[in-house]
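Student: Could you take me through one part of this structure in detail? I would like to see how a single helix sits among its surroundings, and then a second packing to set beside it.

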Amino acid sequence: MKITIIGAGHVGVSITYALILREFADELVLIDKSDEILIARELELEQSIASFNLDINLICTQDYSHTKNSDIVIFCAGLARQEGQSRQELLQINTEIMLSCAKNIKKYVEDPLFIILTNPVDFLLNTLYEHKIFSTKKIIAMAGILDNARFKYELSKKLRVKMSNIDTRLIGFHNDDMVLLKSYARINNKPLSEFLNEEGFEYIENEVKTGGAKIIRHLKSSAYLAPAAACVRMLEATRSGEFLPISVILNGELGVKNKAFGVMARLGLEGVIEIMKLDLSQDETDKLEKSLIKYHYKGE
C-alpha cells in the first residue's frame with residue numbers, strides 16, 4: 001500500500017511516524033513546501049525505520065509526481081487553529097491551500113481515498129465535494145474518531161473505568177455542536193444512565209467539546225498526537241470493517257443531502273461502504289436538528 005501525507009508539520013509527521021510503527025504501508029510519501037522541514041523529517045523518519053529494521057520506502061519531497069499510484073492521500077497542511085480562533089475563521093485560509101494540493105494530486109492519482117484532517121474539516125469537505133475533483137464516496141474527513149476518543153477518555157477519568165470497558169458513539173460536526181450519543185454509550189455493557197445523571201453527562205459533554213481548546217491553551221498549539229492516532233485508527237478500519245464516526249458526504253441520511261456530516265460509517269479503500277442507521281433519543285434528535293439548522297443544512 002502507498003500513502004501520501006500532505007503537510008509535514010506536527011500532525012503530518014506524527015501520522016507518518018505512527019504508520020511506520022504500525023507497519024501499515026510499504027510506501028510513504030510526505031509532501032511539504034519547506035525543504036528544511038523535509039530534510040529534517042526524512043532524517044528522523046528514515047532513522048526510525050532503520051531502528052526497527054523495516055523495509056518501508058519513504059520519500060520526503062515537494063514534488064507531487066512522487067505521489068503517483070497512492071492508494072490513500074491524507075491532507076493535513078494549512079494553518080492550525082490558534083487560541084481564541086474559531087474553526088470557521090480558518091475556512092477561507094485553508095480552502096485555498098486544500099484545493100491547490102488536491103489539484104496537484106489529481107495530476108498523478110486519479111481517484112485516491114482522500115482524507116481531510118485540516119480544520120474546519122466538515123466545511124473543507126463540503127468545498128472539496130463542490131469542486132468534484134474526486135469521487136464523492138472517496139472523500140472523507142477525520143474528526144469524529146478524535147472526538148469519540150475524548151468522549152471515552154473523559155468517561156474513564158470521571159468514572160474510574162478502564163477505557164477498554166467503555167463503548168461510545170457520536171455524530172455531527174467537529175465543533176461545539178457535535179452530538180454525543182448518551183443512549184448508545186455503555187460502561188461494562190451497561191447503559192451510561194446507570195452511572196451518570198443528566199448533570200454529570202452535561203459535564204462530560206463540555207469537557208469533550210473543549211478538549212481541543214484545552215490543549216491549545218496549555219501547549220500554545222493545536223493537538224497533533226491524538227489526531228494522528230485517530231487518523232491511523234481510521235486507516236486500520238479500512239481493513240477491519242468496523243464502524244467509526246467519520247465525516248462523509250451524505251445522500252439523504254439524517255435528512256442531509258450533498259453535505260458533509262459526521263456519522264457512524266464503514267470504510268474501505270473504495271471509500272464509504274455503509275452508514276449505520278441509528279435510533280436516536282428525542283434529546284439527541286433535537287440537538288441534531290438544531291445543529292443542522294444552525295449551519296443551514298436545513299431550513300428554519
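Tutor: Happy to; what follows is a walk along helix 8 and its partner, and then a look at another pair of helices. Please keep in mind that this is a predicted model.

Let's start with the helix itself. Helix 8 runs over residues 225–240, and its 16 residues, at 1.5 Å a residue, should span 22 Å. The end C-alpha atoms are 22 Å apart, which agrees with that expectation. Just after helix 8 comes Gly-241, with a positive phi near 80°.

Next, the burial. Pro-227, Ala-228, Ala-230, Cys-231, Val-232, Met-234, Leu-235, Ala-237 and Thr-238 of helix 8 are buried. A reminder is handy when reading such a list: an α-helix has 3.6 residues a turn, so residues three or four places apart point the same way. Buried residues of helix 8 include Ala-228, Cys-231, Val-232 and Leu-235, and these names return among the residues that meet helix 1.

That brings us to the partner. Helix 1, residues 10–22, packs against helix 8 at an angle of about 50°, and their axes lie 8 Å apart. The two helices are therefore oblique to each other, and their crossing is right-handed. From helix 1, the residues in contact are Val-11, Ser-14, Ile-15, Ala-18, Leu-19 and Arg-22. Helix 8 answers with Leu-225, Ala-228, Cys-231, Val-232, Leu-235 and Glu-236. Sorted by class, this contact holds nine nonpolar residues, one polar and two charged.

Now for the second pair. Helix 5 (residues 144–159) and helix 6 (residues 198–209) pack at about 135°, with 9 Å between their axes. Helix 5 and helix 6 are therefore oblique to each other, and they cross in a right-handed sense. On the helix 5 side, Asp-147, Arg-150, Phe-151, Glu-154, Leu-155 and Lys-158 make the contact. Helix 6 contributes Phe-201, Tyr-203, Ile-204, Glu-207 and Val-208. The class count here is six nonpolar, five charged and no polar residues.

One last stop is Glu-202, which also belongs to helix 6. With a relative accessibility of 46%, Glu-202 counts as partly exposed, because that class lies between 20% and 50%. Asn-188 is 14 residues away from Glu-202 along the chain, and their C-alpha atoms are separated by 21 Å.

How values were computed
Residues numbered from 1 in each chain as written. Predicted model: local features only at pLDDT ≥ 70, side-chain atom pairs only at ≥ 80, totals over all residues. Heavy atoms only, no water. Axes fitted to C-alpha atoms, helices over the stretch in contact; angles between N-to-C directions. Helix = DSSP H or I, 4+ residues; strand = E, 2+ residues; numbered from the N terminus. Parallel < 35°, antiparallel > 145°, perpendicular 65-115°, else oblique. Left-handed = near helix turned anticlockwise from the far one by under 90°. Contact = heavy atoms within 4.5 Å. Nonpolar A, V, L, I, M, F, W, Y, C, P; charged D, E, K, R; others polar. Expected span 1.5 Å × (residues − 1). Buried < 20%, exposed > 50% of the residue type's maximum accessible area, 1.4 Å probe, protein only.
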